[in-house]
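Let's take a walk through a protein model together. Keep the 3D view open and turn it as you read.

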Amino acid sequence: MFQAQFSIGQVIVHKKFNYRGVIFDVDAQYSGTDEWYEQVAKSRPPKDKPWYHVMVDGQLMTTYVAEQHLELDVSPAPITHPLTEDYFDSFEQGSYRSYRNTN
């Protein structure tokens, strides 16, 4: 069992790129391709630590981010992303609630 620092529904900030987002999935360790890691993960974060799928605030994109690059967002504001309604029912007290099964 892995110990993730963040959980689904939490609003985060990327420390390096300073964007806000919401976590919608968590991997116990890196699960992408070696090619993606070599091309995109320039800081070479550990593959054996948790990685997070993040909806980026104000964008139509999602990202895949190593735990070391994230911190909790202290803003009480929700994010704006078209997929939030597909994954969450509500936004309360700074985080998203009621993760839905999308199958």
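Let's begin with a pair of opposite charges: arginine 44 and glutamate 38 meet through their side chains in a salt bridge, with 3.1 Å from N to O. How buried or exposed are these two? Arginine 44 is partly exposed, at a relative accessible area of 37%, and glutamate 38 is partly exposed too, at 44%. Keep in mind that this is a predicted model.

That pair has company, as the count of salt bridges comes to five. Now look for arginine 20. Aspartate 57 forms a salt bridge with arginine 20, and their closest N and O atoms are 3.1 Å apart. Aspartate 57 sits in the loop between S3 and S4, while arginine 20 belongs to strand S2 (residues 20-27), so this contact ties together parts that are 37 residues apart in sequence. Arginine 20 counts as buried because its relative accessible area, 18%, is under the 20% cut-off. Aspartate 57, at 25%, counts as partly exposed.

Arginine 20 has another partner: aspartate 73, with the closest N and O atoms 2.5 Å apart. This aspartate lies in the loop between strand S5 (70-72) and helix H2 (84-87), so its bridge to arginine 20 in strand S2 links parts that are 53 residues apart in sequence. Both aspartate 73 and arginine 20 are buried. Put the shared partners together and you get one salt-bridge network made of Arg20, Asp57 and Asp73.

Next, the rings. There are 13 aromatic pairs in the structure. One of them joins phenylalanine 88 and tyrosine 96: the pair is tilted, with 5.1 Å centre to centre and 40° between the planes. Phenylalanine 88 is buried, at 4% relative accessible area, and tyrosine 96 is buried as well, at 9%. Zoom out a little and you'll find these two in one aromatic cluster with Phe24, Tyr87 and Phe91. Elsewhere, a charge meets a ring: lysine 47 lies over the face of tyrosine 37, 4.5 Å from the ring centre.

Finally, let's visit the largest pocket, which holds about 320 Å³ of space. Which residues lie nearest its centre? Among its 19 lining residues, those are His14, Phe17, Val40, Tyr64 and His69. Helix H1 (34-40), strand S3 (51-56) and strand S4 (62-66) each give at least two residues to the lining, and S4 has the largest share with four. Sorted by class, the lining has 12 nonpolar, five polar and two charged residues.

How values were computed: Residues numbered from 1 in each chain as written. Predicted model: local features only at pLDDT ≥ 70, side-chain atom pairs only at ≥ 80, totals over all residues. Heavy atoms only, no water. 1 Å grid on protein atoms, 1.4 Å probe; cavity = no way out; pocket = protein on both sides within 12 Å on 5 of 7 lines; lining within 4 Å. Points joined across faces, edges and corners; volume = space filled by probe spheres on them. Nonpolar A, V, L, I, M, F, W, Y, C, P; charged D, E, K, R; others polar. Phe/Tyr/Trp six-rings, centres within 6.5 Å; stacked < 30°, edge-to-face > 60°. Buried < 20%, exposed > 50% of the residue type's maximum accessible area, 1.4 Å probe, protein only. Lys NZ or Arg CZ within 6 Å of the ring centre and 35° of its normal. Salt bridge = Lys/Arg side-chain N within 4 Å of Asp/Glu carboxyl O.
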